[in-house]
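Visitor: I would like a close look at one part of this protein, followed outward into its surroundings. Could you walk me through it?

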Amino acid sequence: MPHVSFAELVSGARAGHLVSFPTDTVPALASAPAHAEQVFTLKQRSQDKPLILMGAKALDLWPYVTGSESDWLYWQEVAQQHWPGALTLVLPASDRVPTAMNPTNPTSIGIRVPNCAIARHILAQTGPLATTSANRSGEPALQSLEEIAASFPTVLTLHPEAIAALNQELGASTQPAGLPSTVAQWTGSGWTILRQGGVSL
């Protein structure tokens with residue numbers, strides 16, 4: 001797997017290449033939304049398991065969802081309470097979401113802002129990315145650069161020195177929880193928990 005600088009990872013993601021980076025939960029495997037099909041291919045992932053759109057801040061993600069004014073106000077209230085954090089909100093998708101993000105049900109999209117300074121620093125430069133855990137479907141989430149390198153030798157990931165430099169620059173440390181995010185789907189009147197993770201609604 002090519003270990004790259006921050007600038008090289010950002011430019012690679014913008015060019016449509018697969019990248020991996022730390023988050024607050026488990027390391028992400030990511031691509032530009034328009035190139036999301038390659039994530040499914042690499043992971044050998046069933047197309048009925050949609051990807052999560054991850055952004056640097058909530059304002060970057062709202063254009064990808066649609067709803068009534070009252071829905072919007074409530075979603076923003078929940079987002080303000082839990083983001084950045086390990087909560088994925090599955091909401092009605094706007095026409096900006098590529099079908100490749102959720103091939104079998106393109107009417108919904110999961111969105112999240114991670115509580116990880118490096119991830120948000122990357123996403124601020126690339127724009128929202130289609131993300132999932134860095135592992136093959138059905139296998140445990142990979143936790144380290146070495147594990148990701150062994151499984152996905154073509155994926156761009158930050159050089160360990162680049163991670164250390166970013167942590168110093170951002171005044172942060174990368175301490176992932178090792179648990180996936182909680183996934184909550186909007187039903188029109190409340191939430192259905194599709195996956196219980198680190199956040200309880």
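Visitor: Which residues does L89 touch, not counting residues up to four places away in sequence?

Guide: Happy to take you there, with one note before we start: this is a predicted model. L89 touches W75, V78, W83, I109, G110, I111, A184 and W191, once residues up to four places away in sequence are set aside. L89 itself is found in strand β5. Is L89 buried or exposed? Its relative accessibility is 0%, and because the cut-off for buried is under 20%, L89 counts as buried. For a sense of distance, take S189, which is 100 residues from L89 along the chain. The C-alpha atoms of L89 and S189 are separated by 14 Å.

One of the residues that L89 touches, W83, leads to a notable piece of backbone. A cis peptide bond joins W83 and P84, with omega at about -5°. P84 lies in the loop between α4 (69-82) and β5 (87-92). As a rule, most peptide bonds are trans, and most residues other than glycine have a negative phi. The second half of that rule has a counterexample here too: Q44 is not a glycine, yet its phi is positive, at about 55°. You will find Q44 in the loop between α2 (37-43) and β4 (52-54). Q44 counts as exposed because its relative accessibility is 60%, and the cut-off for exposed is over 50%.

Back at α4, H82 lies in that helix. With a relative accessibility of 17%, H82 counts as buried. Leaving out residues up to four places away in sequence, H82 touches L87, V199, S200 and L201. P128 sits 46 residues from H82 along the chain, and the C-alpha atoms of the two are separated by 18 Å.

Now for the helix packing, with α5 as our anchor. The axes of helix α1 (residues 6-14) and helix α5 (residues 117-126) come within 9 Å and cross at roughly 50°. That angle makes α1 oblique to α5. The crossing of α1 past α5 is right-handed. On the α1 side the contact is made by F6, L9, V10, A13 and R14, and on the α5 side by H121, I122, Q125 and T126. By type, the residues of this contact are five nonpolar, three polar and one charged.

Helix α5 also packs with helix α7 (residues 160-170), at an angle of about 95° and with the axes 10 Å apart. The two helices, α5 and α7, are therefore roughly perpendicular to each other. Here A117, I118 and H121 in α5 meet I163, L166, N167, E169 and L170 in α7. This contact divides into five nonpolar, two polar and one charged residue. H121 appears in the contact with α1 and in the contact with α7.

Stepping back to the whole chain, there are seven helices and ten strands. The radius of gyration is 16 Å, close to the 17 Å that the globule rule gives for 201 residues, so the chain is as compact as a globular protein of that length. Along its principal axes the C-alpha trace spans about 45 × 35 × 30 Å. Of the 201 residues, 48% count as buried. Among contacts with a separation of 6 or more, 68% come from residues 24 or more positions apart.

Methods:
Residues numbered from 1 in each chain as written. Predicted model: local features only at pLDDT ≥ 70, side-chain atom pairs only at ≥ 80, totals over all residues. Heavy atoms only, no water. Helix = DSSP H or I, 4+ residues; strand = E, 2+ residues; numbered from the N terminus. Buried < 20%, exposed > 50% of the residue type's maximum accessible area, 1.4 Å probe, protein only. Axes fitted to C-alpha atoms, helices over the stretch in contact; angles between N-to-C directions. Parallel < 35°, antiparallel > 145°, perpendicular 65-115°, else oblique. Left-handed = near helix turned anticlockwise from the far one by under 90°. Contact = heavy atoms within 4.5 Å. Nonpolar A, V, L, I, M, F, W, Y, C, P; charged D, E, K, R; others polar. Rg over C-alpha atoms; globule rule 2.2 N^0.38 Å.
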